[in-house]
Amino acid sequence: MTELVHLRRCVRHSDREAAALCRGCGMPFCRECVTEHGGRLLCAGCLAAETAAARRSRTLRTPAWLRFSAGIVAGVFVLWVLFCLAGEVVRSSR
(Lines give C-alpha, C1' and ligand atoms only; values in the text may rest on other atoms or scores of the structure.)
Protein backbone atom coordinates (compact mmCIF):
# COMPACT_ATOMS: atom_id res chain seq x y z
CA MET A 1 0.00 0.00 0.00
CA THR A 2 1.38 3.42 -0.98
CA GLU A 3 2.03 5.98 1.74
CA LEU A 4 1.01 9.59 1.26
CA VAL A 5 3.99 11.94 0.98
CA HIS A 6 3.06 14.08 3.99
CA LEU A 7 2.92 10.97 6.19
CA ARG A 8 6.54 10.08 5.34
CA ARG A 9 9.66 11.61 6.92
CA CYS A 10 12.53 13.44 5.21
CA VAL A 11 15.49 11.21 4.43
CA ARG A 12 17.96 13.75 5.85
CA HIS A 13 15.84 15.23 8.66
CA SER A 14 13.93 12.46 10.40
CA ASP A 15 12.08 14.94 12.62
CA ARG A 16 10.47 16.70 9.61
CA GLU A 17 7.63 15.50 7.43
CA ALA A 18 8.31 15.07 3.74
CA ALA A 19 7.06 17.75 1.41
CA ALA A 20 7.92 16.12 -1.90
CA LEU A 21 9.46 13.14 -3.59
CA CYS A 22 12.63 13.76 -5.59
CA ARG A 23 11.94 13.11 -9.29
CA GLY A 24 15.45 11.76 -9.71
CA CYS A 25 15.73 9.14 -6.97
CA GLY A 26 12.14 8.97 -5.66
CA MET A 27 13.13 9.52 -2.02
CA PRO A 28 11.02 11.75 0.29
CA PHE A 29 12.50 15.11 1.33
CA CYS A 30 11.40 18.14 3.35
CA ARG A 31 11.04 21.60 1.81
CA GLU A 32 14.64 22.54 2.59
CA CYS A 33 16.11 19.48 0.90
CA VAL A 34 14.48 19.79 -2.54
CA THR A 35 14.77 22.48 -5.16
CA GLU A 36 12.94 23.13 -8.42
CA HIS A 37 15.11 22.62 -11.51
CA GLY A 38 13.78 22.35 -15.03
CA GLY A 39 10.20 22.06 -13.79
CA ARG A 40 11.02 19.15 -11.46
CA LEU A 41 11.75 18.89 -7.74
CA LEU A 42 15.19 17.37 -7.17
CA CYS A 43 17.32 16.62 -4.11
CA ALA A 44 20.86 17.99 -3.87
CA GLY A 45 22.46 14.74 -5.04
CA CYS A 46 20.28 14.39 -8.13
CA LEU A 47 20.67 18.09 -8.95
CA ALA A 48 24.47 17.79 -8.77
CA ALA A 49 24.45 14.71 -11.00
CA GLU A 50 22.17 16.37 -13.56
CA THR A 51 24.16 19.61 -13.74
CA ALA A 52 27.45 17.69 -13.98
CA ALA A 53 26.08 15.67 -16.91
CA ALA A 54 24.89 18.86 -18.62
CA ARG A 55 28.28 20.48 -18.06
CA ARG A 56 30.08 17.47 -19.55
CA SER A 57 27.87 17.49 -22.65
CA ARG A 58 28.47 21.23 -23.14
CA THR A 59 32.26 20.88 -22.93
CA LEU A 60 32.33 17.98 -25.41
CA ARG A 61 30.31 19.81 -28.03
CA THR A 62 32.33 21.42 -30.85
CA PRO A 63 31.35 25.04 -31.59
CA ALA A 64 29.41 25.59 -34.83
CA TRP A 65 31.93 28.09 -36.19
CA LEU A 66 34.72 25.53 -35.77
CA ARG A 67 32.76 22.82 -37.59
CA PHE A 68 31.97 25.28 -40.41
CA SER A 69 35.62 26.36 -40.71
CA ALA A 70 36.82 22.77 -40.77
CA GLY A 71 34.35 22.02 -43.57
CA ILE A 72 35.67 24.96 -45.61
CA VAL A 73 39.30 23.88 -45.11
CA ALA A 74 38.48 20.28 -46.05
CA GLY A 75 36.62 21.45 -49.15
CA VAL A 76 39.50 23.63 -50.29
CA PHE A 77 41.93 20.74 -49.73
CA VAL A 78 39.80 18.35 -51.82
CA LEU A 79 39.54 20.91 -54.64
CA TRP A 80 43.33 21.45 -54.56
CA VAL A 81 43.97 17.68 -54.79
CA LEU A 82 41.53 17.39 -57.72
CA PHE A 83 43.19 20.35 -59.46
CA CYS A 84 46.64 18.74 -59.04
CA LEU A 85 45.37 15.40 -60.35
CA ALA A 86 43.79 17.10 -63.37
CA GLY A 87 47.13 18.85 -64.07
CA GLU A 88 48.96 15.53 -63.95
CA VAL A 89 46.45 14.00 -66.36
CA VAL A 90 46.89 16.91 -68.83
CA ARG A 91 50.69 16.83 -68.49
CA SER A 92 50.92 13.07 -69.03
CA SER A 93 48.70 13.18 -72.13
CA ARG A 94 51.17 15.43 -74.02
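Start by selecting C22, a buried residue with a relative accessible area of 3%. This is a predicted model, so keep that in mind as you click along. Now show the sulfur atoms around C22. Which cysteine sulfur is nearest to that of C22? The answer is the sulfur of C46, 3.6 Å away, and C22 is in no disulfide. Because a disulfide requires the two sulfur atoms to be within 2.5 Å, the gap of 3.6 Å between C22 and C46 does not qualify.

Next, pick C43. The nearest cysteine sulfur to C43 is again that of C46, at 3.6 Å, and C43 is in no disulfide either. C43 counts as buried, with 5% relative accessibility. Across the whole structure, the search for disulfides comes back with 0.

**The hairpin**

Keep C43 selected and show the cartoon. C43 belongs to β4, where V34 stands opposite this cysteine. Highlight residues 34-37 for strand β3 and residues 40-43 for strand β4. In which sense do the two strands pair, and over how many bridges? They run antiparallel, and the pairing covers 4 bridges. Together β3 and β4 make a hairpin with 2 residues between the strands. Zoom in on G38 in that turn and check its backbone torsions: phi is positive, about 65°.

**From β4 to helix α1**

Stay on strand β4 and show the side chain of R40, then add E50. These two side chains meet in a salt bridge, with 2.2 Å from N to O. E50 sits in helix α1 (residues 44-60) while R40 is in strand β4, so the contact ties together parts that are 10 residues apart in sequence. Are the two partners buried or partly exposed? E50 is partly exposed at a relative accessible area of 29%, and R40 is partly exposed at 31%.

While you are in helix α1, select T51, which is found there too. T51 counts as partly exposed, at 27% relative accessibility. Now add H37 and draw a distance between the two C-alpha atoms: T51 and H37 are 14 residues apart along the chain, and their C-alpha atoms are separated by 9.8 Å.

**A salt bridge towards the start of the chain**

Now select R16 and E32. They form a salt bridge whose closest N and O atoms are 2.9 Å apart. What does this pair tie together? R16 lies in the segment before β1 (20-21), and E32 is in the loop between β2 (28-29) and β3, so the bridge joins parts that are 16 residues apart in sequence. Colour by accessibility and you can tell the partners apart: R16 is partly exposed at 30%, whereas E32 counts as exposed at 61%.

**Along helix α2**

Move on to helix α2, residues 64-92, and select F77 and W80. The structure holds 1 aromatic pair, and here it is: F77 and W80 are tilted, with 6.0 Å from centre to centre and 40° between the planes. The two residues are 3 apart in the helix, about one turn. W80 is exposed, with a relative accessible area of 52%.

Now switch on the surface and extend the selection to F77, V78, L79, W80, L82 and L85. These residues make a nonpolar surface patch of about 670 Å². One of them, L82, lies in helix α2.

Further along helix α2, select E88 and R91. Their salt bridge has its closest N and O atoms 3.4 Å apart. How far apart are they along the helix? They are 3 residues apart, which means a separation of about one helical turn. E88 counts as partly exposed at 42% relative accessibility, and R91 as exposed at 60%. With this pair in view, you have visited each of the salt bridges: the search of the whole structure finds 3.

**A last distance**

For the final stop, pick G87, also placed in helix α2. G87 is partly exposed, with a relative accessible area of 37%. Then add S14 and zoom out. What separates G87 from S14 in sequence and in space? They are 73 residues apart in sequence and 82 Å apart in space, C-alpha to C-alpha.

Terms used. Residues numbered from 1 in each chain as written. Predicted model: local features only at pLDDT ≥ 70, side-chain atom pairs only at ≥ 80, totals over all residues. Heavy atoms only, no water. Buried < 20%, exposed > 50% of the residue type's maximum accessible area, 1.4 Å probe, protein only. Phe/Tyr/Trp six-rings, centres within 6.5 Å; stacked < 30°, edge-to-face > 60°. Patch = residues over 30% accessible without salt bridge, like charges linked within 9 Å, V, L, I, M, F, W, Y side chains within 5 Å. Areas by Shrake-Rupley, 256 points an atom, 1.4 Å probe, with all protein chains shown as cover. Salt bridge = Lys/Arg side-chain N within 4 Å of Asp/Glu carboxyl O. Pairing = 2+ DSSP bridges.
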